[in-house]
Amino acid sequence: MDVPSDEPTEPTGADPVPLVEPADGVPPVVADAPSLRRAADALAGATGPVAVDTERASGYRYSQRAYLVQLRREGAGTVLVDPIALGGRLDPLVDALDGTEWVLHAASQDLPCLAELGLRPSTLFDTELAGRLAGFERVALGTLVERLLGYRLEKGHGAADWSRRPLPADWLNYAALDVELLVELRDVLEQELKRQGKLEWALEEFEAARTAPLPRPRAEPWRRTSGIHRIRSPRQLAAVRALWEARDALARERDIAPGRVLPDAALVDAAVRAPADEAALSALPVFRGRAQRRMVGVWLGALQRAAALPRNELPEPSQQHDGPPPANRWADKDPAAAARLAAARTALAAVAEANTLPVENLLLPDLVRRTCWQPPADVSPEGVAAALRDGGARDWQIALTATALSEALTPPTPAP
């Protein structure tokens with residue numbers, strides 16, 4: 001008798017078929033209320049899961065709003081919705097999709113901007129997450145479609161400025177293809193997860209993704225400025241912060257990606273060089289451009305505010321953390337914790353390999369670090385399970401990892 005393997009199903013080896021346009025053609029964009037009502041009625045009368053995707057304008061716009069929503073359902077075909085033209089009022093669509101299963105790829109990227117439009121799934125299937133749990137090393141949509149369905153998707157416009165109007169025909173073709181085979185991919189991945197005995201794990205993960213709260217704003221986001229490692233003093237850090245905040249305010253007001261207002265490299269360069277006046281600032285690379293010359297007063301004002309700060313208002317050299325320190329410092333700060341983390345990582349890597357899972361999907365690395373830095377008082381498997389549950393781990397994760405982590409957290413018995 002054949003024993004099911006945890007290894008993902010191998011591809012057939014046949015050359016993939018290029019898929020350059022949707023089977024039914026590219027539908028007209030829904031951009032007015034009557035068209036939206038007709039599309040919603042069609043989707044409501046269709047059957048099965050609904051494939052959902054969005055296109056944003058990351059890198060061009062400050063906001064992460066959806067500039068196009070793509071949907072596809074058996075019996076209704078593909079629907080392309082322009083939420084900007086509709087003023088974000090998609091109530092008929094909200095009603096039509098109520099109670100349906102949504103199929104998305106990398107759902108965490110799309111759910112926030114869909115929620116802004118009032119669109120929230122009742123049930124979710126995430127094909128990227130399913131691919132990870134099934135053990136596929138490469139889980140991009142095009143890669144999975146090619147491997148599991150035998151088609152090669154058209155590429156090329158994912159990073160485009162989707163706030164542009166009118167949207168070019170080839171962009172719309174690309175957008176429609178993103179949902180063309182999503183439900184078929186879902187079905188194949190579901191069968192693969194069943195074959196490996198992982199479907200219940202996946203359902204827990206999908207529900208966690210569906211109900212996850214919006215990410216909390218980062219503390220001191222200006223510290224993520226590219227090139228900030230060049231900064232050598234708290235005063236220079238204050239200059240980066242002031243320039244970053246001035247840029248962010250302008251970007252938010254204009255709905256422009258901050259890097260298009262002023263690149264990170266220019267912020268750091270100005271902070272390092274500390275120009276004393278407008279002429280000196282305007283002589284720096286980037287700032288000598290026409291657009292920046294018009295804004296020179298804004299940037300110089302930020303630098304001057306930073307220069308005038310009293311010492312007690314300067315930023316700390318490094319960000320304060322509410323959790324454990326970086327793992328590379330554990331050996332110096334707490335050798336016992338470093339030993340626990342090393343043991344835990346080894347144990348979890350073995351569990352992940354045995355179950356053909358990425359170790360980061362087996363248990364969140366941050367939860368592992370926190371648990372090893374400050375273990376629960378009870379390091380028995382039951383005590384570790386309770387700590388993991390409090391930290392947000394799912395039941396399937398706890399079942400696979402609690403015993404291994406308990407052993408890693410248990411202090412070694414002293415030699416006689």
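In what order do the 6 strands of the open sheet run? The order is β2-β5-β4-β3-β6-β7, and the pairing is mixed. The model is a predicted one. Besides this sheet, the briefing covers two helices with buried faces, the largest pocket, a cavity of about 40 Å³, and several backbone features.

**The open sheet**

- The strands of the open sheet follow the order β2-β5-β4-β3-β6-β7; β2 (29-30) and β7 (123-126) stand at its edges with a single partner strand each, so each has one side without a neighbour in the sheet.
- Strand β6, comprising residues 101-104, pairs with β7 in the parallel sense, and 4 bridges join the two.
- Within this pairing, V103 is placed opposite F125 of β7.
- Helix α6 (residues 169-180) lies across four strands, namely β2, β3 (47-55), β4 (68-74) and β5 (77-81). Relative to β4, α6 runs at about 45 degrees.

**Helix α5 and its surroundings**

- In helix α5 (residues 141-149), the buried residues are L141, L144, V145 and L148. Seen down the axis of α5, they fall within an arc of 100 degrees, so they line one face of the helix.
- An α-helix has 3.6 residues a turn, so residues three or four places apart point the same way.
- The packing partners of the buried residues of α5 are α4, β8, α6 and α7 (182-196).
- Just after α5, G150 adopts a positive phi of about 80 degrees.

**Helix α18 and its surroundings**

- Helix α18 (residues 365-373) has L367, V368, T371 and C372 as its buried residues. Their arc around the axis covers only 125 degrees, which puts them on the same side of α18.
- These buried residues of α18 pack against α15 (330-333), α16 (335-354), α19 (381-390) and α20 (395-409).

**Pocket and cavity**

- The largest pocket has a volume of about 1,900 Å³.
- Its lining consists of 49 residues, and those nearest the centre of the pocket are P213, P215, R216, L364 and D366.
- At least two lining residues of the largest pocket come from each of α3 (107-116), α4 (127-133), α8 (199-211), α17 (359-362) and α18.
- The structure holds 1 cavity of 30 Å³ or more, and the largest cavity encloses about 40 Å³ of space.
- The largest cavity is lined by L363, L364, L367, G392, A393, R394 and Q397. Of these, L364 is also among the residues nearest the centre of the largest pocket, while L367 is also one of the buried residues of α18.

**Backbone features in loops**

- Most residues other than glycine have a negative phi, and most peptide bonds are trans.
- The peptide bond from R165 to P166 is cis, with omega near -5 degrees. P166 belongs to the loop between β8 (151-153) and α6.
- E220, a residue other than glycine, has a positive phi near 50 degrees. E220 is located in the loop between α8 and α9 (234-254), where its relative accessible area of 29% makes it partly exposed.
- T356 likewise is not a glycine and has a positive phi of about 50 degrees. T356 occupies the loop between α16 and α17 and, at 13% relative accessibility, counts as buried.

Methods
Residues numbered from 1 in each chain as written. Predicted model: local features only at pLDDT ≥ 70, side-chain atom pairs only at ≥ 80, totals over all residues. Heavy atoms only, no water. Pairing = 2+ DSSP bridges. Contact = heavy atoms within 4.5 Å. Axes fitted to C-alpha atoms, helices over the stretch in contact; angles between N-to-C directions. Buried < 20%, exposed > 50% of the residue type's maximum accessible area, 1.4 Å probe, protein only. Arc of directions from axis to C-beta. 1 Å grid on protein atoms, 1.4 Å probe; cavity = no way out; pocket = protein on both sides within 12 Å on 5 of 7 lines; lining within 4 Å. Points joined across faces, edges and corners; volume = space filled by probe spheres on them.
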